[in-house]
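Student: I have a protein model open in front of me and would like to understand it better. Could you walk me through it?

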Amino acid sequence: MSDMSGKTVLNVPKRTLSRIGRKPVVLPEGVTVELDYCMITVSGPKGKLEERLHPEVRVELEEDKILVQRLSERKFHRSLHGLTRTLILNAVTGVSEGYKKTLEIMGVGYRAQQSGDNVTLNVGYSHTVEIAPLEGVTIEVEGNNRVHVSGINKQKVGETAARIRKVRPPNAYKEKGIKYSTEIIRLKPGKAAAKA
């Protein structure tokens, strides 16, 4: 690209920095926080969570909010800044509201059944598959084709839900499998349908 004088001008995108870390984490009513060097403990109506902090990130508690500050503008410190703020926010949200993921089972004859704290899946194999939740996570079966995974730890809720989905991932050709309720599966025509 050239300007009016004929000189070549390169369009280099400006470097954008994430400002997530600069936003304070506001504490909802009923949530308390304790800071102890590299450990933060968040307590609320749903329970209590502990999160280990990196020693090169400074976390301060001011009245009803938490501030995260980085020690320098180095890339390492910038990445720690946003990560630490997100982990603290996840803990605050978890103890105040909790997390929940819902999975739907698609396919004729495919079903889920509650087995105590576990869920038993019948999804086209010659045997059933039983999944146990991680510590602090609850699994509930609604009807025979919906599974609710809930808890206060976002990572454990997501991991448990992913383990259930992994048993039979959704098939885009046959409309069978286990998918998240928010997941959109775009069905694809088979080879025979495509030739026709």
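Student: Which helices and strands each supply at least two residues of the lining of the largest pocket?

Tutor: Happy to help, and keep in mind that this is a predicted model. The lining includes Leu 49, Glu 50 and Glu 51, and also Leu 87, Asn 90 and Ala 91. Lys 154, Gln 155 and Lys 156 are among the lining residues too. Matching such residues to their elements, the contributors of at least two residues each are strand S4 (47-52), helix H1 (75-96) and helix H2 (154-167).

Student: How do the residues of that lining divide into nonpolar, polar and charged?

Tutor: Leu 49, Leu 87, Ala 91 and Ile 152 belong to the lining, and Leu, Ala and Ile count as nonpolar. Glu 50, Glu 51, Lys 154 and Lys 156 are lining residues as well, with Glu and Lys counting as charged. For the largest pocket, which holds about 200 Å³ of space, the division is 4 nonpolar, 3 polar and 4 charged.

Student: Let's turn to salt bridges. Why does the pair of Glu 104 and Lys 179 tie together parts that are apart in sequence, and how many residues apart are they?

Tutor: Glu 104 and Lys 179 form a salt bridge, their closest N and O atoms being 3.3 Å apart. Glu 104 lies in strand S7 (residues 99-106) and Lys 179 in strand S13 (residues 177-180), so the parts this pair ties together are separated in sequence by 75 residues.

Student: Are those two residues buried or exposed?

Tutor: The cut-off for buried is under 20% relative accessible area. By that rule, Glu 104 and Lys 179 are both buried.

Student: And is Glu 142, which forms a salt bridge with Arg 146, buried or partly exposed?

Tutor: The closest N and O atoms of Glu 142 and Arg 146 are 3.6 Å apart. Arg 146 has 25% relative accessibility and counts as partly exposed. Glu 142 has a relative accessible area of 40%, so the answer for Glu 142 is partly exposed.

Student: Which residue meets Glu 183 in a salt bridge?

Tutor: Glu 183 sits in the loop between S13 and helix H3 (191-195), and its partner is in helix H2, 18 residues apart. The N to O distance is 2.8 Å, and the partner is Arg 165.

Student: Last one: which side chain makes a polar contact with the side chain of Thr 120?

Tutor: Thr 120 is placed in strand S9 (residues 118-122) and, at 14% relative accessibility, counts as buried. Beyond neighbours within four places in sequence, its contacts include Arg 111, Thr 128 and Glu 130. The polar contact, at 2.6 Å, is with Ser 115.

Conventions. Residues numbered from 1 in each chain as written. Predicted model: local features only at pLDDT ≥ 70, side-chain atom pairs only at ≥ 80, totals over all residues. Heavy atoms only, no water. 1 Å grid on protein atoms, 1.4 Å probe; cavity = no way out; pocket = protein on both sides within 12 Å on 5 of 7 lines; lining within 4 Å. Points joined across faces, edges and corners; volume = space filled by probe spheres on them. Helix = DSSP H or I, 4+ residues; strand = E, 2+ residues; numbered from the N terminus. Salt bridge = Lys/Arg side-chain N within 4 Å of Asp/Glu carboxyl O. Buried < 20%, exposed > 50% of the residue type's maximum accessible area, 1.4 Å probe, protein only. Polar contact = N/O pair within 3.5 Å; in protein donor to acceptor, adjacent residues only side chain to side chain. Contact = heavy atoms within 4.5 Å.
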